[in-house]
Amino acid sequence: MADTPKGFDNGLTNYGDRDFARYLRRSFAKSMGYTDKSLDKPIVGICTTESGFNNCHRHFPELTEAVKRGVLAAGALPVSFPVISLGEVFLSPTSLIYRNLMAMAVEEMIRAQPMDAVVLMGGCDKTVPALLMGAASAGKPAALLVGGPMMTGRHKGERLGACTDCRRFWANYRGGSVDTDEINRVEGRLAVTAGTCAVMGTASTMALIGETLGMMLPGTAAIPAVHADRLRAAEETGELAAGFALNGGPAPDQLITPASVENALRVLLAVSGSTNAVIHLAAIAGRLGIALDLDEMNRLSDETPVLVDLKPVGAGYMEDFHTAGGLEAVLRGLSDQLNAECRDITGQSLAERLARPLSDPIDRSVIRTPDDPVDPKGGLIALTGSLAPGGAILKRAAATPALLEHEGRAVVFSSLEDLANRIDDPDLDVTAEDILVLQNAGPRSASGMPEAGYLPIPKKLARAGVKDMVRISDARMSGTAFGTIVLHVTPEADLGGPLALVRNGDRIRLSAAGKRIDLLVDAQELDRRRAAFRPPVPVAGRGYLELYRRSVLPASEGCDFDFLRAQD
Ligand code: FES
């Protein structure tokens, strides 16, 4: 049997004449100055996501050079190629909409172009999920390399990091304790280096999940973006991927398994990670036919301690997490609960990894032991109940403890526009005990599930010192935010879920202990409202946004497209 084609001979363009296709491809490749020796090597594709609209990836040119160095030194040919990049704050209406577009680009470009293995370079919130989703579907050996977190800035002697401190200062500005001059100075001190947000937000959480799934070199998820170790990690990732190209390596489905997905969930809970990671992990796992079960997540949450004391929930930043011991320290803390047979891209099992002695002691002020946890239970829980029959998510670790068991009167906003128009109205009928409800901000809505679940505290309450209220929506929340916030309510309001039926003055009960969120309105009245419900008229669309509107799945299925998930 002929050898499987390697390098530029991979997947020849179909002209009905293979020899001609090879000759033509090599002719054009030679226009880039390659020698025959280079053209005969296996190829490591380097999927890069640098962009002038992505500050978090601004160091990627240097990082890409380091990957190339590793590939070349190991005897393969590095070929970088772009896919779209998603800079979190530069996309409208929201970056989540474009995650699936990027995942499609990643999948198709890995499959369509001649490469034997691929290095996936990402970092900012949606890029790592998109890279892993695409690579999982493409099925070629792949190694993930993240950009790493930013360093912190300074303001009046205090450390600042995007973007928990962005929100804290903005809330203080709204409350009147920070003036315009100071907020303008803070604006330049929040994001001071290349890299991803400096706290345990979505980007950091997804980096840890990527490493826990086995898709990244061990010990590299949290290396700061500007640290020389980040460049060494890049070179070593290139070297490893070259080995895949030369000798074969694991495809993502050999590493992303039900057992490693469970490990990733444990880590998510133990680091009090971003609520967005529940959506992204469901989408990645869904590409390989693995379901994320919310009841199972609750079971894990009740027995998984929070070990990490980082913002937005605690005190530290990602640079502290890295020097304290990083993911390695978390995995050791959870070792009794993890599936130790899972393997990573180096071929070692988790048991083998954790059997090695630690090179440095763990800083227990940042990463605790299970016997002395930050919290004995996991940071996130799923809620169900009459308001969210398909589930909702609450980051209990980021909530005000007194509000975790709370009943209150609903103050309803029917859309983001309605929220913007009325939230600061001095005549708004609202008290601190009320529950703010936002409708029509879910995946199918015109707003595309923005990170709007962190509804602002009405200005008149903020000025009176109110810092938190129960807030409920079908939207998402930034991983860097905090508060008693119920998110991802499913089915969403746009589809006529119970959230669409809530009216001002209804009573709602949140019980984190019971893992329930209930609308306390009698069934007859709800039937009457359901009969009167008219779905928003979809705006006649075109192009990608129309594809998104027609195909997006609920939050519980990761907001992937129905035609992209693994087929039964
Ligand atoms: Fe890129 Fe926060 S904006 S990680």
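Here are three short exercises with worked solutions on a predicted model.

**Exercise 1.** Work out how helix H4 packs against helix H5, and which residues in H4 meet H5.

*Solution.* Start with the geometry: two packed helices are described by the angle between their axes and the distance between the axes. For H4 (residues 95-112) and H5 (residues 127-138), the angle is about 40° and the axes lie 7 Å apart. That makes H4 oblique to H5. Next, the handedness: H4 passes H5 in a right-handed crossing. Now go down to residues. H4 brings Arg-99, Asn-100, Met-102, Ala-103, Val-106, Glu-107, Ile-110 and Arg-111 to the contact, and its partners in H5 include Pro-129, Leu-131, Met-133 and Gly-134. Sort the residues of this contact by type and you get 10 nonpolar, four polar and three charged.

**Exercise 2.** Is strand E4 buried or exposed, and how does strand E3 run beside E4?

*Solution.* Take burial at under 20% relative accessible area. Five of the five residues of E4 (residues 142-146) are buried, so the strand is largely enclosed by the rest of the structure. Check both faces: Ala-142, Leu-144 and Val-146 point one way, Ala-143 and Leu-145 the other, and all are buried. As for the neighbour, E3 (residues 117-122) runs parallel to E4, joined by five bridges. One pair to look up is Val-119 with its bridge partner Ala-143 in E4.

**Exercise 3.** Find where Thr-275 sits and what Thr-275 touches.

*Solution.* First locate Thr-275: it's in the loop between helix H11 (258-270) and helix H12 (276-286). Then look at accessibility: at 1% relative accessibility, Thr-275 counts as buried. Finally, leaving out residues up to four places away in sequence, Thr-275 touches Leu-380, Ile-393, Lys-395, Met-477, Leu-487 and His-488.

Technical notes. Residues numbered from 1 in each chain as written. Predicted model: local features only at pLDDT ≥ 70, side-chain atom pairs only at ≥ 80, totals over all residues. Heavy atoms only, no water. Axes fitted to C-alpha atoms, helices over the stretch in contact; angles between N-to-C directions. Helix = DSSP H or I, 4+ residues; strand = E, 2+ residues; numbered from the N terminus. Parallel < 35°, antiparallel > 145°, perpendicular 65-115°, else oblique. Left-handed = near helix turned anticlockwise from the far one by under 90°. Contact = heavy atoms within 4.5 Å. Nonpolar A, V, L, I, M, F, W, Y, C, P; charged D, E, K, R; others polar. Buried < 20%, exposed > 50% of the residue type's maximum accessible area, 1.4 Å probe, protein only. Pairing = 2+ DSSP bridges.
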